[in-house]
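Student: I am new to this structure and would like a close look at a single part of it. Please take one place where helices pack, and then go on to the helices and the strand that follow from there.

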Amino acid sequence: MRVIISSRGDNARVTTSPALPRPLALPDFPWDTLAPYRARAAEHPGGVVDLAVGTPVDDTPAIAREALAAASNAPGYPAAVGTPALRAAIIDWAARRRGVTGLTDAHVIPTIGSKESVALLPLHLGARPGDLVLHPRAAYPTYDVGARIAGATPVPVDTDADPATWELPDGAGTPDRPIAMIWLNSPGNPDGHVLDAAQLARIIAWARERGAVVASDECYAALGWEAPWDTEPIPSLLDPRATGGDLSGLLALYSLSKQSNLAGYRAALLAGDPALVGAVTEIRKHSGLLVPAPVQAVMVSVLADDGHVAAQREAYRARREALLAATAEAGLANDPASAAGLYLWLSGPEDMSALDLVGAFAELGIVVAPGDFYGGAGAGRVRMSLTGTDERVAAACERLRSARARELFT
């Protein structure tokens, strides 16, 4: 109990109130540690090139802006489940672009971007203290944070490997330490690794033996670069080759931020097991987690249009090829398994730590993210985003080809 003392002359009194809840034990927000490196990079006479964060910089497509304007008169509350038009658009898109057929309205809902789903899904699905939430060992930090919000324990694992070889805490999978969820991220942020249908099937089978939900964050699935993903669609967790036609215990997330430059709109979706989708939907209704009606209209328009997605993909392809060539000239190596996504996953000389590399880039006026932000697997690496304008990417490439860059990275 807290003791509250109120003193007003002779009317002083002592009262009690319930103790305040303890704040969540969350890790420090990592991006704050980049401040000195950003400051150093900003001193470059050619200006800073910020490739640390995957924030889209290209224009939101006209089709989206027109849909937003047309739907801007929206005085009523939107539906948590999405409009019938939006659910139909998601179902059609899933079949056309992701190879996932047979979905119904009960299988899909829109979400307010995908990060809120990553952060809140363990909580919404009932994970609790003592439960384990597995996630890729090189991972976007919010998988870890989402487990902690629910009071569960985050556990990094090598999702590229056979799950039978995963290193787990003692007692994992027992009634006292159940595995509540397994997060997948394919293509991966930061490493660009892709899980093929056979690997997805292995993970699904392993999870079902243990009663664990599998959730897959697939927001970079439109950005495949290396064979076979330069010509073949990157498989979804819901792909029938992986599921055997059974979606129980499975959820896939997708965001329109990257493919359609809609990060500012917070437009995403969740699809999969109707029982899980229904449970999440009920919480969203009670919590007021509603995608704004104009944004739902925008989602309908962009999900139906493949042309702007192809154009944006080509813009990122050109930037990636330019940065790959320039970083190689500077003596840096991209992860050879990085086949897709929005980032390069770079290493330098063995004696350079991730922060050493960040400092060297800052000397060139370039900001990148240290691999340590993404777990122990990121030691000695940095993540470089493709989300710079053509002019800024060209400036970065020029600096990386300089004699000064070769000095810094040797």
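Tutor: Y37, R40 and A41 in helix α1 meet L355, V358, G359, A362 and E363 in helix α12. By kind, the residues of this contact are five nonpolar, one polar and two charged. This is a predicted model. Helix α1 covers residues 35-42 and helix α12 residues 354-363. Their axes lie 7 Å apart and form an angle of about 25°. Because angles under 35 degrees count as roughly parallel, α1 is roughly parallel to α12.

Next comes helix α3, residues 84-98. With 15 residues at 1.5 Å a residue, α3 should span 21 Å, and the 20 Å between its end C-alpha atoms agrees with that. The buried residues of α3 include L86, R87, A89, I90, W93, A94 and R98. Viewed down the axis of α3, the buried residues fall within an arc of 155°, so they line one face of the helix. A general point helps here. An α-helix has 3.6 residues a turn, so residues three or four places apart point the same way. Among the elements that cover the buried residues of α3 are β4 (108-111), β9 (250-255), α8 (257-260), β10 (268-272) and α10 (293-303). Just after α3, G99 has a positive phi of about 70°.

Helix α9, residues 274-287, can be read in a similar order. Its 14 residues reach 20 Å from the first C-alpha to the last, close to the 20 Å expected at 1.5 Å a residue. Within α9, L276, V277, V280, T281 and R284 are buried. Down the axis of α9, the buried residues fall within an arc of 135°, so they line one face of the helix. A275 and H286 are exposed, on the other side of α9. The buried residues of α9 pack against β4, α4 (115-124), β8 (213-217), β9 and β10.

Strand β9 is therefore named among the elements that cover α3, and it also packs against the buried residues of α9. One residue of strand β9 is L250. L250 has a relative accessible area of 1%, and it is buried because that value is under 20%. Setting aside neighbours within four places in sequence, L250 is in contact with I204, R208, V214, L237, L238, T243, A271, G272, D273 and L276. Of these contacts, L276 is one of the buried residues of α9. W206 is 44 residues from L250 along the chain, and the C-alpha atoms of the two are separated by 13 Å.

Definitions and conventions
Residues are numbered from 1 along each chain as its sequence is written. This is a predicted model: local features need pLDDT of at least 70, side-chain atom pairs count only at pLDDT 80 or more; totals for chains, interfaces and linings use all residues. Side-chain values use heavy atoms; hydrogens and water are left out. Axes are lines fitted to C-alpha atoms, for helices over the stretch in contact, and angles run from 0 to 180 degrees between N-to-C directions. Helices (H or I, at least four residues) and strands (E, at least two) are DSSP runs, numbered from the N terminus. Angles under 35 degrees count as roughly parallel, over 145 as roughly antiparallel, 65 to 115 as roughly perpendicular and the rest as oblique. Contact means heavy atoms within 4.5 Å. Ala, Val, Leu, Ile, Met, Phe, Trp, Tyr, Cys and Pro count as nonpolar, Asp, Glu, Lys and Arg as charged, and the others, Gly among them, as polar. The expected span of a helix is 1.5 Å times one less than its number of residues. Buried means under 20% relative accessible area, exposed over 50%, partly exposed in between (1.4 Å probe, protein chains only). The arc is that of the directions from the helix axis to the C-beta atoms.
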